[in-house]
Each structure stands twice: as structure tokens, then as C-alpha cells.
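Please take the structure below as the starting point, and follow the explanation from the whole protein towards one of its sheets.

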Amino acid sequence: MNGKKKGMILAALAVMTGLVLTLAGCGQSAASPTSEAGTEDSTQTQMVSATENRVMAAGTALSGGPGEAQTEKEEDFMRITVGDRVLTAVLADNSSAEALKEILMAGPLTIDMSDYGNMEKVGPIGQSLPTNDEQITTGPGDIILYMGNSLVIYYDTNSWNFTRLGKIQDVTQAELKEILGGGNVTVTLSLGEERASGEQTGTVQAADQTEGQAKPAEPGQGEKPVVYMTDSITPEGLMAVYDAMGRDMKGKVAVKLSMGEPGGHNYLSPDLIKDLVARVDGTIVDSNTAYGGQRASTALHLQVAQDHGFTAIAPIDILDSEGTMDLPVAEGKHLTKDIVGAGLADYDSMLVLSHFKGHAMGGFGGALKNISIGVASQNGKVLIHSGGASDSSWSGGTQDDFLESMAEAAKAVSDYMEGNMVYISVMNNLSVDCDCDSNPAQPDMHDIGILASTDPVALDQACVDLVYAAEDGASLIQRIESRNGILTVAHAQEIGLGTREYTLVSLDE
């Protein structure tokens with residue numbers, strides 16, 4: 001690989017306390033992160049975790065309102081006993097939680113719970129409670145009323161119409177999963193005055209509803225990857241988010257993007273990206289499609305690049321034009337290898353420019369899809385779509401196999417490039433359909449902005465969160481949820497490609 005891979009340049013990111021931006025709503029089976037920050041020159045926004053702060057987004061007060069002293073009544077705390085462990089939860093302020101408190105005033109309630117979907121424990125309460133259902137994206141520690149008669153404790157994420165009952169405090173996701181175990185579990189609920197001083201605690205951060213602000217991260221909790229954002233979808237905005245990452249692209253630079261299928265018009269504009277591509281002295285790269293269309297051969301693909309204006313701004317390299325190579329997939333659930341264009345070996349670093357939008361099969365397309373399906377050769381694409389079953393036949397795998405295989409292929413590319421990658425996603429022309437569609441649906445939601453990170457998992461999660469926060473995002477949300485699209489992000493985190501928790505920093509004044 002041209003003797004490349006001299007290591008990554010790590011940018012020291014200091015996030016100062018400042019104005020907080022709280023984003024509402026978040027993705028299907030999705031985690032969402034939040035945070036806060038600020039400087040005198042720009043408003044920096046930290047998202048501690050949109051899933052964890054969904055309490056605020058949904059308007060549910062787990063602590064006092066603005067200006068109120070944070071002194072909860074005795075019954076506002078609930079203890080959850082699991083074996084010899086005692087967890088403390090703060091109950092929600094709604095009629096459902098009030099009804100549960102009335103039950104617990106008569107004595108402890110023991111519930112036998114089973115595992116469901118590798119994300120939750122669920123069990124019958126034994127009677128029906130009033131519901132206050134609303135669209136909620138859960139996070140680890142959320143306590144939910146389902147169908148009015150079942151109690152759910154989430155240790156991972158999901159999105160549906162639920163009633164919030166409360167939130168477990170001071171425990172990490174890993175600790176909670178360990179406490180609840182991998183199968184059935186029996187829990188006992190009781191009312192408590194306060195946290196027991198001897199209880200083991202973690203770091204799952206709760207929302208503090210004070211003027212709608214998120215509770216600042218406590219010192220020593222560990223830094224989250226930063227996602228930079230600007231509302232300015234301009235060449236200057238694109239350059240700003242790139243500069244904010246503090247990473248110089250070394251050696252020969254591949255600029256990975258989709259140049260769009262003829263007939264569609266939502267792909268990234270050459271006028272938008274040309275200054276940044278020139279700045280990094282990059283070569284625009286892509287691989288041929290496996291579904292046919294006008295980019296299924298190198299000659300056709302290069303013609304599309306010319307017709308869409310990309311040959312005018314940079315050299316073009318179709319990575320699989322001269323063969324393929326296999327990248328190992330370490331401990332993959334579905335893949336043992338990722339088949340990519342042999343041309344990838346010519347590059348030392350990669351700038352991943354993604355147009356975030358919906359996708360007919362993946363639910364949405366962002367950074368992870370761009371470096372998995374996008375970098376894969378034609379037979380590599382088939383291998384991913386089949387969930388690792390075949391590199392010549394599309395059949396053999398389930399939808400979830402395909403989604404998880406995308407994450408594993410993305411990890412293989414990242415490992416091969418040894419982390420010498422940065423990721424920028426442009427959230428405009430937000431159709432439910434991909435740029436690979438020759439007749440995509442017209443966008444029916446507003447443009448959002450440009451986001452950038454050195455962590456592709458955090459970046460995709462942030463984009464999904466912003467879609468859920470948008471008042472006009474219903475169509476794209478439905479597309480994401482109907483395909484279980486967030487599973488790709490979840491599996492990418494599970495295999496160590498990145499994290500779904502992040503700090504969102506706005507570069508706009």
C-alpha cells in the first residue's frame with residue numbers, strides 16, 4: 001500500500017461549557033446521543049445522548065421543572081432489586097407512573113421478565129395501567145409501559161409509541177446488561193427514599209430538566225467522539241467542518257463519494273465539493289454497481305462522472321476497474337472477507353463524502369454505507385447483500401444479515417486504512433430514496449446541514465437523530481424504521497468500529 005499507514009493524527013478536542021442544544025426524537029432501534037459546549041466565538045453544542053435525554057425531548061420531567069429545588073418526594077424514587085443488586089430509578093411525572101406508585105405503596109411488586117430482541121427485558125405487571133403513549137427512542141435504563149400491562153427495562157435502544165415510566169440512574173449500559181443477564185430475570189420493584197449509599201453506580205447520564213438543558217457530563221466520564229455541524233450547506237461550510245476535525249489527509253487521498261445514477265439529481269454537487277477536493281489534492285473514487293444501471297461498467301461509470309460534472313473538478317478512479325482484492329473481516333458474524341476494488345491499495349488516506357438520505361434496502365445511506373457497499377466491488381456488493389452467503393447470488397441472507405454485513409464490511413475498510421479516514425455527511429435533498437435510484441422520490445423535508453467526524457458510527461447516529469428531531473422527517477423516519485436501518489449502526493458499534501454516543505458541536509454563531 002505504497003508504504004502508507006504511518007498512523008493517525010489525533011486531534012485534541014477541548015469542549016468548553018456553554019449553550020446546550022437539545023434535539024428531540026431519534027431513530028428506530030436507535031440510540032441517540034446529546035451534549036453541550038461553547039466558546040466566545042461560536043456556539044458549540046454537546047449532546048450527552050439523545051436516547052438518554054429523550055426524557056426532555058418527550059417533555060417528561062424526571063426532576064423538578066425550571067427554577068424548582070431538586071427535592072423529590074419519597075415516592076419519586078423506585079428501587080429495582082435484581083438478585084443482590086439494587087438499582088435506583090427516578091419515576092416519570094405522568095398518570096402511568098402515578099398508578100405504578102399506587103401499586104407499590106401496597107408493597108413490593110415482583111415481575112418475571114424475559115429477554116426480547118437483545119435490547120430489553122419485558123414482563124407482565126399483573127394489571128393494566130393508564131397509558132401516555134408517545135414516540136420514544138429508548139436508551140439503556142429506560143423503564144417503559146408497553147400495551148398498558150407490561151413493564152420493559154431497556155438495556156439497548158428501540159423506537160416506538162411507548163409510555164415512559166422512569167429511568168434507572170447511575171449505571172452504565174455494560175453494567176446494566178451484566179446485572180440483567182442474558183436470559184430470563186426476576187426483578188422486584190419497591191419505593192425508596194433515596195439512593196442507597198452502598199449501591200454500585202455507573203455513568204449512564206440522566207436528563208436534568210432545567211430550562212430544557214441537558215445535565216453536563218461529569219469530570220472523568222470519558223470523552224465522546226465529536227461530531228461537528230454547520231447549517232451552511234456551502235463550499236465554505238464544507239471546508240469549515242473539515243478544518244474543525246483537525247486532521248490533515250496524508251499521502252495519496254481517495255475522496256469516496258457516489259456520483260449518482262442518471263435520472264436522479266440529489267447527489268452531491270461538484271460545485272459544493274470541488275474546493276475541498278482540491279484542498280486535499282484528492283482523487284474521486286467509487287466502485288461499479290452490481291444491480292445494472294448506468295454505472296455497472298467502468299466505461300459507463302466514467303461517462304456518468306463526466307455527465308454529472310465530476311471529471312471537471314478532479315481525477316476519477318473506479319476502484320474495481322482492474323480487479324479486486326479481499327480484506328479480512330475480523331470476527332465477523334456474517335462475513336469473513338470484504339471484496340473491494342484492487343485500486344484501494346493505491347491510497348494512503350480517505351476523505352468520505354456522503355450524501356445522507358434514505359435507501360430502499362438499507363433504510364438510509366450515510367458514511368457506513370458509503371465505505372461498505374460503496375467501496376465493495378461488484379461481487380463484494382453481492383456478498384454483503386446476501387449476508388455473506390454468496391458473492392454471485394443475491395439470495396441467502398435475511399434483511400438483518402445484510403444490514404449487519406454492511407457494518408462488518410465498513411469495519412474491514414477502516415481496519416485496512418488503519419483509521420486514516422475522515423467522514424463528512426451532507427444532509428440536503430433528503431429523499432427517502434438513494435442516489436443510486438434513477439427515479440428517486442422528491443424530498444419532502446427541509447435541508448439540515450453538514451456534519452463531520454472521525455467516527456463514522458457517531459456521524460451516522462447524529463444524522464439519524466437530526467432526522468428524528470425534524471418536524472417534517474416522517475417519510476424518512478418511516479423508511480428507516482421499515483427496513484430496521486439503524487441495525488447497521490448498532491452492529492458497527494458492537495464490533496468496535498465506533499460509538500453511537502457523541503458530542504455535537506455547532507460551528508455556527
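**From the whole chain to an open sheet**

Of the 509 residues in this protein, 58% are buried, and it should be kept in mind that the model is a predicted one. The accessible surface of the protein comes to about 19700 Å², with 46% of that area belonging to carbon and sulfur atoms. The protein contains twelve helices and 23 strands. Among the contacts with a separation of 6 or more, 73% are between residues 24 or more positions apart.

Strands of a sheet are held in pairs through backbone hydrogen bonds, in either a parallel or an antiparallel sense. Here, eight strands form an open sheet with mixed pairing, and their order across it is 15-14-13-18-21-22-12-23. Strand 15 (316-318) and strand 23 (503-506) are the edge strands, each of which pairs on one side only, and from one strand to the next the twist averages 25°.

Within this sheet, strand 18 (residues 349-355) pairs with strand 21 (residues 421-427) in the parallel sense, over six bridges. One residue pair can be located here by name, since Ser 354 has Ser 425 of strand 21 as its bridge partner.

Two helices that pack on the sheet may then be considered. Helix 4 (residues 235-245) touches strand 12 (226-230), strand 18, strand 21 and strand 22 (449-453), and its direction makes about 150° with that of strand 21. Helix 6 (residues 298-307) touches strand 14 (282-286) and strand 15, and the direction of helix 6 makes about 150° with that of strand 15.

Key. Residues numbered from 1 in each chain as written. Predicted model: local features only at pLDDT ≥ 70, side-chain atom pairs only at ≥ 80, totals over all residues. Heavy atoms only, no water. Pairing = 2+ DSSP bridges. Helix = DSSP H or I, 4+ residues; strand = E, 2+ residues; numbered from the N terminus. Axes fitted to C-alpha atoms, helices over the stretch in contact; angles between N-to-C directions. Contact = heavy atoms within 4.5 Å. Buried < 20%, exposed > 50% of the residue type's maximum accessible area, 1.4 Å probe, protein only. Areas by Shrake-Rupley, 256 points an atom, 1.4 Å probe, with all protein chains shown as cover.
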